[in-house]
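Thank you all for coming; I would like to use these few minutes to talk through some charged side-chain pairs and one helix in the structure that is about to come up. Please keep the sequence beside it as we go.

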Amino acid sequence: MKAVRFDEYGDIDVLKVVDVPTPVPGPGQVLVQVKAAGINPGEAKIRAGLLHARFPATFPSGEGSDLAGIVAETAVAGFSAGDEVIGYTDNRASHAEYVLVGEQNLTVKPAGLPWEVAGSLFVAGTTAYAAVRAVALTEGDTVVVSGAAGGVGSVAVQLARRAGATVIGLASEANHEWLAGHGVIPVAYGDGVADRIRKAASKVDAFIDTFGADYVELALELGVEPTRIDTIANFGAVGKYGVKGEGNAAGASARVLAELARLIADGQLELPIAATFPLSQVQDAYRRLERGHIRGKIVLTM
């Protein structure tokens, strides 16, 4: 089978698509023929070696967590060959034509859910789910979301609205129409953003930071309590300010994935797809990711 590999930390050009043996499922495992697999900013940081202390790579390394596809072989009773599934792997292996997945990491793909959406839902969706839960939103709260049109942010703003909150989304003006169409108050980021937020809302109760930079400091400046600030991108701020750092690990489960997939299939939630690339063009996919200003997800298709 074809799979993405890299033999050393480095720039995008260390990524290669190579032939590797197709794995065989063992006890509790399912072999999935991958139809689509999302790519994520964290994977780019791992490949570059920026997260070596936290998430070290063992070479040669594969990559990818998100996936959706068709069951090819199974060693479990809960799934059969031909089943359409959504899932995830913790083994950096989904950017490939086939991947082994633990039974507990799979759920049935709802009929009609596009492959590219299903295959890029796990990291963004479960991270957004955990972040919204972390800041304990209730009816009448006002929450600010940075990176509001990105993969995680685009889902988080919608889940926050479903929780009954007024949502202010920080994003470039190119994404303001999309945000407004989803019931979010769009605000441009950059110089003067604190004043623009104060103009949009008399108070801010919670803050979800999906971008990093100095957004935790901005949240504190706006008077948000540290326990109601969650960042998925500024790990240093967690210890420094006592804010939360709940992300994918806090929401990762097949149950949450199934819930999000059902909401999308029912038309109650949207995961925008910015672009799709064939597996052979994985380098181009990451170049597009690293240019930024993306609404939603970039997806590899097999």
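Arg198 is partly exposed, because its relative accessibility of 41% falls between the 20% and 50% limits of that class, and I should say at once that this comes from a predicted model. Its partner is Asp195, and the two side chains form a salt bridge with a nitrogen-to-oxygen distance of 3.4 Å. Asp195, with 55% relative accessibility, counts as exposed, because the limit for that class is over 50%. Both residues belong to helix H6, which runs over residues 193-200, and they sit 3 residues apart, about one turn of the helix. The general point behind such a spacing is that an α-helix has 3.6 residues a turn, so residues three or four places apart point the same way. The pair does not stand by itself, since Glu221 is linked with Asp195 and Arg198 in a network of salt bridges.

Let me turn to helix H11, residues 282-291, where Asp284 and Arg287 are likewise 3 residues apart, about one turn of the helix. Their side chains meet in a salt bridge at 3.0 Å, N to O. As for accessibility, Asp284 is partly exposed at 35%, and Arg287 is partly exposed at 36%.

Which parts of the chain does the salt bridge between Glu84 and Lys109 link? The side chains of Glu84 and Lys109 meet at 3.5 Å, N to O, and this pair joins distant parts of the chain, with Glu84 in strand S5 (residues 84-88) and Lys109 in the loop between strand S7 (106-108) and helix H2 (115-118), 25 residues apart. Glu84 has a relative accessibility of 33% and is therefore partly exposed, whereas Lys109, at 8%, is buried, because that value is under 20%. Counted by the rule applied here, the model has 10 salt bridges, and the pairs I have described are among them.

Finally, I would like to look at helix H1, residues 41-48, in which Glu43, Ala44, Ile46 and Arg47 are buried. These residues cover an arc of only 160 degrees around the axis, and therefore lie on the same side of H1. The cover over the buried residues of H1 includes strand S3 (29-39) and also H11, the helix that holds Asp284 and Arg287. Just after H1 comes Gly49, which takes a positive phi of about 85 degrees.

Notes:
Residues numbered from 1 in each chain as written. Predicted model: local features only at pLDDT ≥ 70, side-chain atom pairs only at ≥ 80, totals over all residues. Heavy atoms only, no water. Salt bridge = Lys/Arg side-chain N within 4 Å of Asp/Glu carboxyl O. Helix = DSSP H or I, 4+ residues; strand = E, 2+ residues; numbered from the N terminus. Buried < 20%, exposed > 50% of the residue type's maximum accessible area, 1.4 Å probe, protein only. Arc of directions from axis to C-beta. Contact = heavy atoms within 4.5 Å.
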